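Please open the model in your viewer and keep the sequence panel visible beside it. The tour below proceeds by selection: at each stop, select what is named and then read what is there.

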Amino acid sequence: MKLAVCVKRVPDMEGRFKIASSGVAIDEAGLKYDMSDFDGYAAEVAIQITEKLGAGEVTIISLGPDVVQETLRKALSMGAHRAVHLKQDTPVSDGLAIATALAAELKDGGYDLVLLGRMAVDTQNRSTGAFVAELLGVPIISAISKLEVENGVVKARRELEGAYELVECPLPAVVTIDEGIARARYPSLKGIMAAKKKPMDIKPAQLGAITYQLEKLELPAERAAGRIIGEGKDAVPELVRLLKEEAKVL
Amino acid sequence: MANILAFAETRLGELRRAGLETITAARQVADATGGQVHAVLVGAPGIAQFAPRCAAHGADVVLVLEHDAFANYNPEAIVATLAARLGSGYRAAFFAASAQGHDLVARVAAKMKLAYASDVTEFAFAADRVTVKHPGYTNKIVQTFVLKAIPAIISLRAGAVLPVENAKAGTVEPLACAIDPATARVKVTLTENAAGGQIDLGDAPVIVAGGRGLKEKANFKLVEDLAAAFGNAAVGATRAVTDDGWRPHSDQIGQTGRLVSPDLYIACGISGAIQHLAGLRTSKTIVAINKDKEAPIFKVADYGIVGDVMEVLPVLTEAVKQAKAGA
Ligand SMILES: Cc1cc2nc3c(=O)[nH]c(=O)nc-3n(C[C@H](O)[C@H](O)[C@H](O)COP(=O)(O)OP(=O)(O)OC[C@H]3O[C@@H](n4cnc5c(N)ncnc54)[C@H](O)[C@@H]3O)c2cc1C
Ligand SMILES: Nc1ncnc2c1ncn2[C@@H]1O[C@H](COP(=O)(O)O)[C@@H](O)[C@H]1O
């Protein structure tokens, strides 16, 4: 079975963000970067499938500047087999343009299953997986929390607001990975050494047209600073008074 | 003027509040630009009973697609139908940024080879563009985008536009399915509601949420009791809790769970991790009960109590019961 996983390099969300002087980028100074969380889960799921089968190949694809090769190496050190860097030096805000480049790379790869994150944790678009699937003309099951692949059929569970659904489709297919399936493993030392010798193709990204443009980034208005009103159960009467008189929610 | 389409989301034969939000948003745009609102209502036979509610919230025309195959969600049939309809010329289409909406909207946009604006909290239409705001980076940064694709396809974050009644004719017209739904490759074989009969997190004016500080599953009773004392409250949880199986995944609030904005959010034994806060930042009033006065939740809590949830919650529950009885 041939699997492909699309991974994005993103800043650590615990960081304190500042907007760069351009107004359309974050200031990268002092931020740590890593694979977007859900993409790590997706890589883990794909690697586990080949481990279980004792066969198959996982290709990791990332679009971005040269630094994304670090992210690709990390996935290789987790156990993926080969990587493709789609080189794109300037940031792109149009998800369809990015998906067009990913789909161009995936199209002739003969992949049975393509995995993406449910969303990139930085831009939070949640669109790339479906874009890629439609561009490839294959079915997609999005935001899944359980996955089984057997006899050419994908069976998955999706969480909805206050409900869930069970979904099936034939291979080849695209899935996007939510919480609940797997957490990304930490690469072992052996894995890190092995990754150095694994193949990485580097090619220019073939973006589609841009019709969705980032205009500015802003920090949201801060909530008023928090206030501690007391300790233990003795603070309850004051809380109830404030909820009634000040917040007017009781 | 070109018309605006709104997808009126349904699940298991019920119209969802998210559907009324998209119709309300479409109405706002149509009122400004002079077009009509066309609501699309899809479901198993019987779903047409919700057409009047769509009309009451501003639909000039309700396009109804009823078919046995829609007892469960059928993404490929709906996508093909919507893409065909939108191809006949609309200014914009609104979807909910819900699990179903996210699944649908990107496929519709991709089928039409159009970029779209995802998870939007604000929008402004001009002749050739729409400017939107979409929070990113665990909602720590507000991104403003310009969308030039027409129709402008937009998914709306829950609560960005609240449902408003604004009755229109709501003429009902049948909508033909663009493909035979039985030929769809993606098949939903089961849809099941989580714990029945409770208020959905998205609709509840009050949410009482519990975290790992409750120590064990059985202690969630304290959270449930407080919610019951309010009467209009839903129970939420952190990922720590849903991971441990104390609560269903559907109760999870945060970046990977529900995004909620109730009038009152009470966080019990919750540290306030950034991914959790991402889901509740827009709540009107936040209360936190945590025994660690350095817990990050206190940075966002309007009212914090430093204390043991086991001790504070029963007393608070009694006080709320009394306040409600006195009201
Ligand atoms: C990609 C990603 C996505 C995530 N998405 C989500 C998400 O959607 N939602 C989410 O919630 N988390 C999410 N998380 C996890 C998040 O980072 C935290 O781990 C989680 O929110 C912690 O849950 P908690 O507050 O219940 O537990 P903890 O962080 O363990 O906090 C427990 C708190 O309880 C307090 N406490 C202990 N005993 C008592 C007592 N007796 N009385 C009062 N207080 C007490 C402690 O002081 C502590 O502050 C995500 C993480 C990642 C990496
Ligand atoms: N630049 C990129 N390179 C590779 N994969 C990407 C890139 N951007 C997005 N993706 C994939 O698409 C998923 C969803 O991203 P988004 O639609 O931006 O939320 C991510 O989780 C990745 O799997």
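Select Gly79(A), the residue just after helix 2 of chain A, which takes a positive phi of about 135°. Helices (H or I, at least four residues) and strands (E, at least two) are DSSP runs, numbered from the N terminus. This is a predicted model, in which local features need pLDDT of at least 70 and side-chain atom pairs count only at pLDDT 80 or more, while totals for chains, interfaces and linings use all residues. Residues are numbered from 1 along each chain as its sequence is written, chains are lettered from A and ligands numbered from 1 in the order in which they are written, and side-chain values use heavy atoms, with hydrogens and water left out.

Now extend the selection back over helix 2 (residues 68-78) of chain A, where the buried residues include Val68(A), Leu72(A), Ala75(A) and Met78(A). Here buried means under 20% relative accessible area, exposed over 50%, and partly exposed in between (1.4 Å probe, protein chains only).

**Chain A as a whole**

Display chain A alone. Chain A contains 6 helices and 13 strands, and its C-alpha atoms fill a box of roughly 65 × 45 × 40 Å along the principal axes. Of the 250 residues in chain A, 52% are buried. Contact means heavy atoms within 4.5 Å; among contacts in chain A between residues at least 6 apart in sequence, 70% join residues at least 24 apart.

**Three strands side by side**

Select strand 4 (residues 57-64) of chain A, in which 7 of the 8 residues are buried. Two strands pair if DSSP finds at least two bridges between them. Add strand 1 (residues 2-6) of chain A, which pairs with strand 4 in the parallel sense over 5 bridges. Then add strand 5 (residues 82-87) of chain A, which also runs parallel to strand 4 and is joined to it by 6 bridges.

Which residue of strand 4 of chain A is the bridge partner of Cys6(A)? The partner is Ile61(A), and in strand 5 Ile61(A) has Val84(A) as its bridge partner. In a regular strand the side chains alternate between the two faces of the sheet.

**Turns and loops**

Move to Asn151(A), in the loop between strand 7 (140-150) and strand 8 (153-160) of chain A. Asn151(A) has a phi near 50°, a positive value in a residue other than glycine. Is Asn151(A) buried or exposed? Asn151(A) is exposed, with a relative accessible area of 76%.

Next, select Leu171(A) and Pro172(A), which are joined by a cis peptide bond with omega about -5°. Pro172(A) is in the loop between strand 9 (163-170) and strand 10 (173-177) of chain A.

Show chain B and select Ile150(B) and Pro151(B): a cis peptide bond joins this pair, with omega about -5°. Pro151(B) is found in the loop between strand 10 and strand 11 (152-156) of chain B.

**Where the chains meet**

Show both chains together. In this model, 92 residues of chain B are in contact with 79 residues of chain A. Between them the chains bury about 7200 Å², 57% of it on carbon and sulfur atoms; buried area is the accessible area (1.4 Å probe) that two parts lose on being put together, summed over both. Highlight Tyr137(B), Arg185(B) and Tyr303(B), which lose the most area to chain A in chain B, together 11% of what that side buries.

Across this interface the rule finds 7 salt bridges, each a side-chain nitrogen of Lys or Arg within 4 Å of a carboxyl oxygen of Asp or Glu. Select Lys111(B) and Glu134(A), one such bridge, whose closest N and O atoms are 3.1 Å apart. Helix 4 (residues 99-111) of chain B provides the largest share of the side of chain B that touches chain A, 9 residues.

Strands also pair between the chains: select strand 12 (residues 212-218) of chain A and strand 10 (residues 141-147) of chain B, which run antiparallel and are joined by 6 bridges. Within this pairing, Tyr212(A) has Leu147(B) as its bridge partner.

The last stop is Ser250(B), in the loop between helix 6 (239-243) and strand 16 (264-268) of chain B. Ser250(B) counts as buried at 8% relative accessibility. Not counting residues up to four places away in sequence, Ser250(B) touches residues of both chains, among them Leu160(A), Gly162(A), Ala194(B) and Arg258(B).
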